Amino acid sequence: MFRSKRADRIKILVWDRTGLVLVQKRLEGCKFVWPTIADGVIRMSPAMFAALFEGLDWRLLRPEEARHPQVAGKRLAVTLLMRA
């Protein structure tokens with residue numbers, strides 16, 4: 001991944017198993033927010049990359065708590081079997 005000096009453009013090289021694809025994106029009126037450089041490398045998670053590519057400030061993202069299904073689904077299955 002490469003960025004311009006003004007930080008308003010990025011270029012990404014992606015391998016799609018048949019060759020390299022160049023993706024370029026330019027933001028109008030704002031800049032991409034980049035993580036800090038450590039040892040000459042920028043490290044980012046997939047969520048950070050997705051936010052960066054969308055032009056969002058990844059520092060403002062918060063993880064969402066996972067929702068688990070409740071026991072009510074079992075009752076629905078029993079009701080459907082009784083109707084058949």
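Tutor: Let's start with one term: a residue is called buried under 20% relative accessible area, exposed over 50%, and partly exposed in between (1.4 Å probe, protein chains only). What you see above is a predicted model, where local features need pLDDT of at least 70, side-chain atom pairs count only at pLDDT 80 or more, and totals for chains, interfaces and linings use all residues. Residues are numbered from 1 along each chain as its sequence is written, and side-chain values use heavy atoms, with hydrogens and water left out.

Student: Okay, why is Glu-28 called exposed?

Tutor: Glu-28 has 61% relative accessibility. Exposed means over 50%, so Glu-28 counts as exposed.

Student: And what makes Arg-26 partly exposed?

Tutor: Its relative accessible area is 47%. That value lies between the 20% and 50% limits, so Arg-26 is partly exposed.

Student: How do you know that Arg-26 and Glu-28 form a salt bridge?

Tutor: A salt bridge needs a side-chain nitrogen of Lys or Arg within 4 Å of a carboxyl oxygen of Asp or Glu. The closest N and O atoms of Arg-26 and Glu-28 are 2.5 Å apart, so the pair fits the rule. The structure holds 2 salt bridges.

Student: Which residues meet in a salt bridge at 2.9 Å, N to O?

Tutor: Arg-59 and Asp-57, through their side chains. Arg-59 is partly exposed, at 49% relative accessibility.

Student: Let's zoom out. What makes up the chain, in helices and strands?

Tutor: There are 2 helices and 3 strands, and along the sequence the pattern reads β-β-β-α-α. Both kinds of element are DSSP runs numbered from the N terminus: helices are H or I with at least four residues, strands are E with at least two.

Student: How do you know that β1 and β2 pair?

Tutor: Two strands pair if DSSP finds at least two bridges between them. Strand β1 (residues 2–3) is joined to β2 by 2 bridges, so the rule is met. The two strands run antiparallel, and Phe-2 has Lys-11 in β2 as its bridge partner.

Student: What about β2 and β3: how many bridges join them?

Tutor: They have 7 bridges and also run antiparallel. Arg-9 stands opposite Arg-26 in β3, and Val-14 stands opposite Val-21 in β3.

Student: What order do the strands take in the sheet?

Tutor: The 3 strands form an open, antiparallel sheet in the order β1-β2-β3. The edge strands are β1 and β3, since each pairs on one side only.

Student: What makes the phi of Arg-17 stand out?

Tutor: Most residues other than glycine have a negative phi. Arg-17 has a positive value, near 75°, and is not a glycine. It lies in the loop between β2 and β3, which form a hairpin with 4 residues between them. Arg-17 is exposed too, since its relative accessible area is 76%.

Student: Where is Asp-39 found, and what is its phi near?

Tutor: Asp-39 is found in the loop between β3 and α1 (46–53). Its phi is near 60°, again positive in a residue other than glycine. At 79% relative accessibility, Asp-39 is exposed.

Student: Why is the group with Ala-7 and Trp-34 called a nonpolar core?

Tutor: Such a core is a set of buried Ala, Val, Leu, Ile, Met, Phe, Trp, Tyr and Cys residues joined through side-chain atoms within 4.5 Å. Ala-7, Ile-10, Ile-12, Leu-27, Phe-32, Trp-34 and Leu-52 make up the largest one, 7 residues in all. Contact means heavy atoms within 4.5 Å, and Trp-34 touches Ala-7, Ile-10 and Leu-52, among others, not counting residues up to four places away in sequence. Across the 84 residues of the chain, 15% are buried.

Student: Last one: what makes Leu-22 part of a nonpolar surface patch?

Tutor: Patch residues have over 30% relative accessible area and no salt bridge; like charges are joined within 9 Å, nonpolar side chains (Val, Leu, Ile, Met, Phe, Trp, Tyr) within 5 Å. Leu-22 has a relative accessible area of 53%, so it passes the 30% limit. Its partners in the patch are Phe-2, Leu-13, Trp-15 and Leu-20, and the patch covers about 600 Å². That area comes from the Shrake-Rupley method with a 1.4 Å probe; for residues, only the protein chains shown count as cover.
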